[in-house]
Amino acid sequence: MLKEIYVCATCHTAYPSTPDIWRCPCGGLLKIEWEKPTFSKKEIQNELPGMWRYVKALPFHPQCSVSEEITMGEGYTPLVPLSQEDPHTFVKVDYMMPTLSFKDRGAAVLIAKAKEWGVKKVIADSSGNAGTSIAAYAKRAQIECDIFLGKGTSPKKIAQISAHGANIRMVDGTREDVAKKAKMAVQQEGSFYASHVFNPYFHEGTKTYAYEIWEQLNNIPDTLIIPVGNGTLLLGVYQGFCELLAQGLITDFPKIVAVQAENCAPLAQAFHEQRLEIEATQNKGTIAEGIAIAAPERAKQILQVIKQTNGYIVTANEQEIKEAHTALAAKGFYVEPTTAANYAAYLKHQKTTTQERIVLPLCGAGLKAV
Ligand SMILES: *Cc1c(COP(=O)(O)O)cnc(C)c1O
Ligand SMILES: [Zn+2]
């Protein structure tokens, strides 16, 4: 029977998975381990038109109905060719989510787990979209929610978060200061830290991006373009493809081409200098606010994954991001500037063959920005 545990990635200590722990006392990040049920095409629950069609691959009891209580139909987003000129490039339209960003994948799983645990209050910090998503699902699950935000957060994202009744706790400082304040509140109040950065249940949700591509393409692509700030999509996707590989459902792994904004690119810098540790950098300011993370907590893990898949990191400057935004809109896709960076990176990516199959995520909707 499924009973998942937490294991520290650094010192390998095991803990019961409970709401009151989000990091090992040694400072290490937590992984979830459980005896995974075998997953085959037959296990896909076609009647569920969202990411819960892969519920057999998610850490919930088969009898657990909490996902049915909180789902808003997230996931199973369209995968469509970019254009007629680019028939081998597909865009995964993840802005067609209940709160208009891919963060709903992670938030739905994380809040479902919080609900199953009987959590009464969650705290999260965000540059915008994760907060929006956590706020929406927490409200739906009738869990109280505080979201810590930086002063530069898009007014539309703030409006969305407050519409869901979350308490907005504005912090004057960097993205790192915002996270620090949230952690202090978690400690003082003993609330559940619904962090998309630290909590590995979030990755259990984002991994469905990989399952969907596998099902929709009936194969794997050659290349995945993936934006990285804190790496929640990248690490979830990697986990998803690892699971598919372990089950023999795929035989190869796609190459991951990660995307950063030139003005905030600690991972790109480390990668080009062949380091696995980042150096402290400053966000010099970018319209790609969703990936502007100067000190990603999971930097080493992210860099290892990119290397392992024979991938690399592309940076896009502000001008390239703006032009990509306009160019995507001209193809019918109205995305937020952070997502335009993905397309800018795609345009800079050197295809190995004209047949290279590429999947590009459209992570956030244009109406969210500003
Ligand atoms: C959160 C977000 C990202 C980056 O995701 P990370 O998990 O921080 O790597 C990219 N695009 C959009 C629209 C986002 O909301
Ligand atoms: Zn540890």
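**Exercise 1.** How many nonpolar, polar and charged residues does the lining of the second largest cavity have?

*Solution.* The model is predicted, so local features need pLDDT of at least 70 and side-chain atom pairs pLDDT 80 or more, while totals for chains, interfaces and linings use all residues. Residues are numbered from 1 along each chain as its sequence is written, and side-chain values use heavy atoms, without hydrogens and water.

Step 1. Fix the terms. A cavity is a set of points, on a 1 Å grid over the protein atoms alone, where a 1.4 Å probe fits but cannot get out; lining residues have an atom within 4 Å of a point.

Step 2. List the lining: Lys36, Pro37, Phe39, Ala57, Lys207, Tyr211, Glu243 and Gln247.

Step 3. Sort by class. Ala, Val, Leu, Ile, Met, Phe, Trp, Tyr, Cys and Pro count as nonpolar, Asp, Glu, Lys and Arg as charged, and the others, Gly among them, as polar. The result is 4 nonpolar, 1 polar and 3 charged residues.

**Exercise 2.** Describe the lining of the largest cavity.

*Solution.* Step 1. The structure holds 2 cavities of 30 Å³ or more, a volume being the space filled by probe spheres set on the points, which are joined across faces, edges and corners. The largest has about 290 Å³ of space.

Step 2. Its lining has 27 residues, and Phe102, Lys103, Thr232, Gly290 and Ile291 are the closest to the centre.

Step 3. By class, the lining of the largest cavity holds 9 nonpolar, 14 polar and 4 charged residues.

Terms used
Chains lettered and ligands numbered in written order. 1 Å grid on protein atoms, 1.4 Å probe; cavity = no way out; pocket = protein on both sides within 12 Å on 5 of 7 lines; lining within 4 Å.
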